[in-house]
Amino acid sequence: MNKLFTIGEMAKLFGINAKTLRYYDEIGLIRPEHTDPMTGYRYYSTGQFERLNTIKYLRALDMPLAKIMRFFENKDIGQMMEILKEQQQEVLVKRRELERIEHKISERLSQLHDALYTIYNQVEEVTLPDRKLAMLRTEIPATDDLEYSIRQLERQTQLEAAMFLGKVGVSISMSHVMSHKFDEFCSIFVVLEPGDVYDGEAADIPGGRYLTLRYCGTHTQSSVYYEKLLSEMKERGYELAGNSIEITLVDAGMTNDTTQFVTELQLPVTVGQEYGLRN
């Protein structure tokens, strides 16, 4: 006769929580070989060690309980190979997703470090690559809280919420910038990065020469910095080549300290008849 073990002894032997063993009993994955009719105590036998060990092995591979139960319903090498291949494919999918998440975390850390250790209120001339934006074209007063417009953009694009952290921007039309009117945005957008899952319509922002400036503050404080950019643009003999781009690199989604908010302004500029993004 096989030796019997209490649920506590079994849990200790296999390093499994007794509650887990009770749950396995409830769903029929592994039931005690004997239950004392007087005390209700449950006992497992050495003959069940192999089954529990297989369960532990498959759970260590993150195998769902439903698949493990399916295996025991038709236990053979072919069935084991099938569920292992299925699990291998699921692990590959999860690994790619984790790699995508890790990349996003690394990118965000790099962007935050760059935003916090930058030189503020200084105009820089940079060459930026082509970019894609998920965009909502709508008129937004610059004094408005952008949260409602962000929710509209999120609903329209069906993008995951995590994609909006540190990547939301707004634009002022080229004509308004040239007229020194900085009180209304013509669109709100989120910058799409490699690996972002998005099947909707994207706006293409051509790469090229930009004058940029970062400052501590939000969109509502941008006017004086636009004037500084326009003055620098005129001094260098450039012409505005498209709508402005404003991206809040650090905002209320990251800190309650408003003195740490960082916004970047970008003006596409050209010499002669080169053109950037236009209305």
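The legends below describe close-up views of a predicted model. Local features are taken where pLDDT is at least 70, side-chain atom pairs count only at pLDDT 80 or more, and totals for chains, interfaces and linings use all residues. Residues are numbered from 1 along each chain as its sequence is written, and side-chain values use heavy atoms, with hydrogens and water left out.

**View 1. The largest pocket and its lining.** The largest pocket holds about 670 Å³ of space, where a pocket is an open set of points on a 1 Å grid over the protein atoms alone, each point fitting a 1.4 Å probe, with protein on both sides within 12 Å along at least five of seven lines; the volume is the space filled by probe spheres set on the points, which are joined across faces, edges and corners. Of the 25 lining residues, Gln-111, Arg-131, Arg-214, Glu-264 and Gln-266 are the closest to the pocket centre, lining residues being those with an atom within 4 Å of a point. Two or more lining residues come from each of helix 5 (77-116), strand 4 (124-128), strand 7 (184-192), strand 9 (208-216), strand 11 (245-250) and strand 12 (262-270), and helix 5 gives the largest share, four residues. Helices (H or I, at least four residues) and strands (E, at least two) are DSSP runs numbered from the N terminus.

**View 2. The buried face of helix 1.** In helix 1 (residues 7-14), the buried residues are Ile-7, Met-10, Ala-11 and Phe-14, where buried means under 20% relative accessible area, exposed over 50% and partly exposed in between, with a 1.4 Å probe and protein chains only. Seen down the axis of helix 1, these buried residues fall within an arc of 100°, so they line one face of the helix; the arc is that of the directions from the helix axis to the C-beta atoms. The face turned away from this buried side carries the exposed residues Lys-12 and Leu-13. Strand 1 (4-6), helix 2 (18-27), strand 3 (42-45) and helix 3 (49-60) are among the elements that cover the buried residues of helix 1, contact meaning heavy atoms within 4.5 Å. Gly-15, with a positive phi near 65°, follows helix 1.

**View 3. Two loop residues with positive phi, Asp-62 and Asn-121.** Asp-62, which is not a glycine, has a positive phi of about 65° and is found in the loop between helix 3 and helix 4 (65-73). Its relative accessible area of 41% makes Asp-62 partly exposed. Asn-121, in the loop between helix 5 and strand 4, has a positive phi near 60°, and at 34% relative accessibility Asn-121 also counts as partly exposed.
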